[in-house]
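The following exercises concern pockets and cysteines. Each task is followed by a solution in steps.

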Amino acid sequence: MIERYLRELEAELGAVGIRGSLRRRILAETADHLRETGDVARFGESKLIAARFADELATNGARRVAYTSFLALAPAGIAYAILLGLIRTWPDITSVKVLPLAIATALTVVLAPQVAFATGLLTVARAWRLRSETAVPAAEIGVLRRRAAVALGSGAAAFTGIAVYAYEYSSGLPSWWTTTAFAVSGAVLVPIAGAAVALARNARVRPQASGSAGDLFDDVAPLLDLVPFRLRGRPWRFCLLVAVAVAAAALIAGGPDEGPRNAVFEFVAVCAGFAGLGRFLGLRR
């Protein structure tokens, strides 16, 4: 009876993505427990037990991945700021090797870090909100995983873009900067790749719990109390508020010459990102 139950549990664990050494450990502990008690019926239906394991493992793993992703991206953000800060004079576009590639690279270097930063913060916000939960709905975990994936992907794109930028504009940049950019980009991509591997491993586990994924307002609920007007349930109002704040910062930082252009660009970028990724990242229902 026990052996039959263990075979059923093994199959159910595999069905929810729990395999390898983790499945062997669960089966070994289950076997020990069943041999001590001898009561298979009271232990629970194998399908329900496997689903519970999947929910808890996916929840805990996704939380760890969220924090790991942020820790992998934090030094990348510092390196990005230092690298670009070292450029005293930006090279002329006529110095590029392949113009279309250079333009695409420049846009990537500007936009990808912003996406990585914003999505990284959203990932940590969701993980922190779920910090005391043992198991959460599969939809919640899906949002957490997607945010981590976008943050890591954007971080990787940013430093891949910097490496390509260094190559494309090499004739207009100091040789020491291009060498430094290649070295730093390679070093930064290592922890990002490690976090991506951890995310992929967690994504193999398929949680089964039903329920709502929530949205951005659930993640930043404490901050909403500081706003004197209603935002909850009005995602586009929230988006426009953030877009105006980012545009104002760009206007001030850019000065009278580049400020207005940068402000318009940032406003449009925030709204476009919210429109394109809002549902995918669980920012709006």
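Helices are DSSP runs of H or I with at least four residues, numbered from the N terminus. The model is predicted.

**Exercise 1.** Determine which helices each supply at least two residues of the lining of the second largest pocket.

*Solution.* Step 1: the second largest pocket holds about 850 Å³ of space. Step 2: of its 27 lining residues, Gln114, Ala118, Leu122, Val242 and Val270 are the closest to the centre. Step 3: at least two lining residues come from each of helix 5, helix 9 (221–224) and helix 10. Step 4: helix 10 gives the largest share, eleven residues. Step 5: by class, this lining comprises 23 nonpolar, three polar and one charged residues.

**Exercise 2.** Describe the lining of the largest pocket by helix and by class.

*Solution.* Step 1: the volume of the largest pocket is about 1,000 Å³. Step 2: 24 residues line the largest pocket, and those closest to its centre are Tyr80, Trp90, Ala106, Val110 and Asn262. Step 3: helix 4 (46–85), helix 5 (99–129) and helix 10 (235–277) each contribute at least two lining residues. Step 4: the classes are 17 nonpolar, three polar and four charged residues.

**Exercise 3.** Explain why the sulfur of Cys239 forms no bond with that of Cys271.

*Solution.* Step 1: a disulfide requires two cysteine sulfur atoms within 2.5 Å. Step 2: the cysteine sulfur closest to that of Cys239 belongs to Cys271 and lies 4.2 Å away, which is too far for a bond. Step 3: a search of the whole structure accordingly returns zero disulfides. Step 4: as to burial, Cys239 is buried at a relative accessible area of 1%, and Cys271 is buried at 15%.

Note on methods
Residues are numbered from 1 along each chain as its sequence is written. This is a predicted model: local features need pLDDT of at least 70, side-chain atom pairs count only at pLDDT 80 or more; totals for chains, interfaces and linings use all residues. Side-chain values use heavy atoms; hydrogens and water are left out. On a 1 Å grid over the protein atoms alone, a cavity is a set of points where a 1.4 Å probe fits but cannot get out, and a pocket is an open set with protein on both sides within 12 Å along at least five of seven lines; lining residues have an atom within 4 Å of a point. Grid points are joined across faces, edges and corners, and a volume is the space filled by probe spheres set on the points. Ala, Val, Leu, Ile, Met, Phe, Trp, Tyr, Cys and Pro count as nonpolar, Asp, Glu, Lys and Arg as charged, and the others, Gly among them, as polar. Buried means under 20% relative accessible area, exposed over 50%, partly exposed in between (1.4 Å probe, protein chains only).
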